[in-house]
Amino acid sequence: QLQLVESGGGLVQPGGSLRLSCAASGFTLGAYAIGWFRQAPGKGREGISCISSISRSLNYADYADSVKGRFTITKDNAKNTVYLQMNSLKPEDAAVYYCAAVRASGSNCFMWEYHYWGQGTQVTVSS
């Protein structure tokens with residue numbers, strides 16, 4: 001059974017950092033793209049980052065403009081886990097963060113429809 005479990009959320013002050021984890025089970029990351037999405041109260045879901053395989057040793061990563069330069073997505077195939085390092089957090093980054101997966105490889109990982117979703121982890125940015 002394919003499963004995604006997010007962790008690492010919490011309360012952080014503006015300017016602080018958090019690292020979210022997305023642990024995958026039931027499948028291996030190599031054949032799947034992983035996306036990070038977030039949803040704040042009263043707002044729609046926003047795709048903020050994604051990572052997919054270009055080749056056995058090369059990944060493609062993309063970011064929304066709202067997080068570019070502050071967030072970094074990485075993948076550890078040995079641990080079957082994708083990470084989202086979030087630095088210089090702002091109050092507007094507060095949301096529930098979800099990771100999702102789709103069986104696809106190549107670039108343009110923001111363009112795909114993600115089929116499998118985790119339960120989400122809350123990120124609160126407040127002083």
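A disulfide is a pair of cysteine sulfur atoms within 2.5 Å. Keep that in mind for the exercises below, which use a predicted model where local features need pLDDT of at least 70, side-chain atom pairs count only at pLDDT 80 or more, and totals for chains, interfaces and linings use all residues. Residues are numbered from 1 along each chain as its sequence is written, and side-chain values use heavy atoms, with hydrogens and water left out.

**Exercise 1. The disulfides**

Find how many disulfides the whole structure has, and work out what each one ties together.

Step 1. Searching the whole structure turns up 2 disulfides. Cys22 and Cys99 make one of them, with sulfur atoms 2.1 Å apart. Cys22 sits in strand 3 and Cys99 in strand 9, so this pair ties together parts that are 77 residues apart in sequence. (Strands here are DSSP runs of E, at least two residues, and helices are runs of H or I, at least four residues; both are numbered from the N terminus.)

Step 2. Check the twist: the angle about the S-S bond is 75 degrees, and the link of Cys22 and Cys99 is right-handed.

Step 3. Now go to Cys50, which is joined to Cys109 by a disulfide, S to S 2.0 Å. Cys50 is in strand 5, while Cys109 is in the loop between strand 9 and strand 10, 59 residues away. This link is right-handed too, with 70 degrees about the S-S bond.

Step 4. Count the bonded cysteines along the chain and you get the pattern 1-3, 2-4.

Step 5. Are these cysteines buried or exposed? Cys22 and Cys99 are both buried, and so are Cys50 and Cys109. (Buried means under 20% relative accessible area, exposed over 50%, and partly exposed in between, using a 1.4 Å probe and protein chains only.)

**Exercise 2. The open sheet**

Work out the strand order of the open sheet, and say which strands stand at its edges.

Step 1. Four strands build this open sheet in the order 1-3-8-7, with antiparallel pairing. (Two strands pair if DSSP finds at least two bridges between them.)

Step 2. Strand 1 (3-7) and strand 7 (71-76) each have a single partner strand, so one side of each is left without a neighbour in the sheet. Those two are the edges.

Step 3. Look at one pair inside the order: strand 3 (residues 18-25) and strand 8 (residues 81-86) are antiparallel over 6 bridges. One example is Ala23, whose bridge partner in strand 8 is Thr81.

**Exercise 3. Around Ser53**

Place Ser53 in its strand, then list what it touches.

Step 1. Ser53 is in strand 5 (residues 46-53). Strand 5 forms a hairpin with strand 6, with 5 residues between them. Strand 6 (residues 59-63) pairs with strand 5 in the antiparallel sense over 5 bridges, and Ala61 of strand 6 is the bridge partner of Ile51.

Step 2. Ser53 counts as buried because its relative accessibility is 9%.

Step 3. Beyond its neighbours within four places in sequence, Ser53 is in contact (heavy atoms within 4.5 Å) with Gly30, Leu58, Asn59, Lys75, Ser105 and Gly106. The side chains of Ser53 and Lys75 also share a polar contact of 3.0 Å. (A polar contact is a pair of N or O atoms within 3.5 Å; within protein, one must be able to donate a hydrogen and the other to accept it, and residues adjacent in sequence count only if both atoms are side-chain atoms.)

Step 4. Follow the chain to Gly106, in the loop between strand 9 (95-102) and strand 10 (116-117). Gly106 counts as buried because its relative accessibility is 19%.
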